[in-house]
Amino acid sequence: MPERTVSPCPSSPPLPAGPPAGGPSARCWRPSSSAAPGSASAVSPASFGPTPPHNPYAGPDGTATMHGDTGSSDTTPLAGPGAGTLSSSRTALASACPTVLVGADGYPVALCTPIFGQVPTVHLLDPDDGSSLTTLQLTKGSLLGGVYAYIDHQDRLVVADGSRSLLRVGHHRDGEGRWSLTVDRSLSLASVIPEGDAVTGLAPDWDGRVWFATGGGVVGTADDTTGTVKALTLPAGERVANSISTAPEGTAVTTTHATYLLGSRDGAPKILWRKAYDRGSARKPGLLSWGSGSTPTFFGPAEGTEYVAVVDNADRAANLKVYRTADGSDVCSVPVLAAANGPGSENSPVGVGRSVFVAGTYGYPYPAVPEGAGDSVPASADFAGGLSRVDVRADGSGCSLVWDNALRSAAVPKLSTADGLLHTVVRDPLIPGTRGTSLLDPFRYVQIDPADGRVTRSAKVGVGSLYDTLQMAGTVAPDGAYLQGTVTGVLRITAR
């Protein structure tokens with residue numbers, strides 16, 4: 001039986017029946033021949049609108065970054081597992097693997113942190129079965145250092161390691177068919193990053209520079225063709241606990257106090273606007289910092305970047321905040337995740353056209369939190385979950401809650417513009433009907449209709465902590481396999 005939403009919002013505006021105003025766009029959704037008849041969404045893929053424009057210095061949209069593209073839309077142009085029986089396999093790497101990306105050559109690259117030693121390690125995976133072909137260890141840094149990375153336009157993994165160096169890691173095959181991972185280019189960022197600080201997030205801009213932000217609030221640009229590094233420091237006390245996003249309009253950074261849009265002057269970062277948000281009186285359980293858990297999301301109905309969305313950390317509710325990219329002016333502030341009674345999200349919102357989807361993480365049992373995150377209030381809570389959809393009104397005058405349910409997503413959902421479905425992994429309680437978590441919880445891969453939030457298809461992927469997806473993002477591979485990092489390796493979910 002399909003799972004129903006807990007709290008639908010019948011007064012919300014209906015979905016648009018066709019492409020957004022202004023006519024068809026080359027980046028608007030189109031039905032895909034690979035979409036599964038048995039898993040087709042009730043929503044026409046063309047109905048939502050465009051995704052952010054392709055960044056020429058990043059790899060393929062949908063697979064180049066943890067959040068799909070440099071705008072962090074958490075969308076993909078690839079169809080997920082289609083018709084047939086769903087099955088999954090696990091590549092055991094004894095590592096938490098939050099970043100699983102795929103370049104234009106089709107080879108997945110995973111950035112993992114081993115359980116023992118916690119030295120960040122890059123794995124090149126076999127696209128056919130997910131096995132590890134070769135590895136490369138990086139210099140160890142902070143807990144969040146080395147978590148975020150991206151694939152560039154030459155299929156290299158771009159990452160900053162614990163030595164405060166910007167690396168481009170390529171994968172190569174010799175004449176005898178043996179694979180290797182090598183640092184093809186390196187640039188020290190130590191001139192602008194203090195010792196003890198580390199890069200949290202990074203992304204390329206449209207001029208080929210790499211933007212980065214550190215946990216301590218340093219935001220900079222690096223040109224590893226010229227060796228030029230420039231930076232500014234955000235106000236004292238503001239930390240960056242998530243990744244950053246880039247669009248033609250600028251670079252979005254959300255700190256523990258505010259969201260910024262930055263541009264550059266002669267390559268040096270400059271602040272275009274700043275919007276403070278309510279970060280509450282303390283960190284909440286299920287969040288990794290005292291502040292927003294969002295990597296900011298660019299989205300919009302015309303160009304795919306007219307708006308920027310984050311979720312705040314207000315005491316009594318989690319509110320979706322939407323700003324106009326042009327000037328930072330408010331579009332709306334909408335309470336979300338009420339059906340689950342879980343006022344918190346560590347996940348980046350999913351954004352496409354006028355629609356935003358927010359998955360809740362309140363109470364999620366993370367095994368560790370970053371140094372300096374502070375105590376949570378309360379000290380612990382049951383995992384609430386929750387999934388909400390909010391639409392910006394057609395005239396941009398505000399937003400409406402479309403639906404709100406209590407689905408317990410244990411990963412960052414990914415929206416496919418090819419099959420018109422949300423894909424994620426959920427964590428079910430060991431005892432049905434309860435909200436607690438245990439080391440024996442079952443995990444399921446699910447496909448969700450974005451029109452109403454119903455689960456249309458699901459399959460168990462495993463039971464117990466080995467399968468904990470730890471609120472990490474999944475990636476749809478070119479062959480339709482859904483690659484999902486776990487606390488111990490990578491799941492590969494397919495349909496046959």
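How many helices and how many strands does the protein have? Show the whole model as a cartoon: there are zero helices and 35 strands. Both kinds of element are DSSP runs, numbered from the N terminus (helices are H or I with at least four residues, strands are E with at least two).

The model is predicted: local features need pLDDT of at least 70, side-chain atom pairs count only at pLDDT 80 or more, and totals for chains, interfaces and linings use all residues. Residues are numbered from 1 along each chain as its sequence is written, and side-chain values use heavy atoms, leaving out hydrogens and water.

**Whole protein**

Color by burial. Of the 496 residues, 62% are buried. Buried means under 20% relative accessible area, exposed over 50%, and partly exposed in between (1.4 Å probe, protein chains only). Now turn on the surface. About 17,600 Å² is exposed, with 52% of it supplied by carbon and sulfur atoms. These areas come from the Shrake-Rupley method with a 1.4 Å probe; for residues, only the protein chains shown count as cover.

**Strands E16 to E18**

Select residues 250–254, strand E17. Five of its five residues are buried. Add residues 245–247, strand E16, which runs antiparallel to E17 and is joined to it by three bridges. Strands count as paired if DSSP finds at least two bridges between them. A hairpin of two residues links E16 to E17. Next add residues 258–265, strand E18, which pairs with E17 in the antiparallel sense over four bridges. Here the hairpin has three residues. Zoom in on Ala252. It is the bridge partner of Ser245 and stands opposite Leu261 in E18.

**The largest core**

Select Tyr364, Phe443, Tyr445, Val461 and Leu470. Among the 19 residues of the largest nonpolar core, these touch the most other members. Such a core is a set of buried Ala, Val, Leu, Ile, Met, Phe, Trp, Tyr and Cys residues joined through side-chain atoms within 4.5 Å. Strands E31 (442–448), E32, E33 (472–476) and E35 (489–495) each supply at least two of its residues. A second, separate core has 17 residues, including Ala318, Cys332, Val336 and Val358.

**The end of E32**

Select residues 455–463, strand E32, and find Val463 there. Is Val463 buried or partly exposed? Val463 is partly exposed, at 44% relative accessible area. Add Leu430, Ile431, Leu439 and Leu440: with Val463 they form a nonpolar surface patch of about 520 Å² accessible area.

Note on methods: Patch = residues over 30% accessible without salt bridge, like charges linked within 9 Å, V, L, I, M, F, W, Y side chains within 5 Å. Salt bridge = Lys/Arg side-chain N within 4 Å of Asp/Glu carboxyl O.
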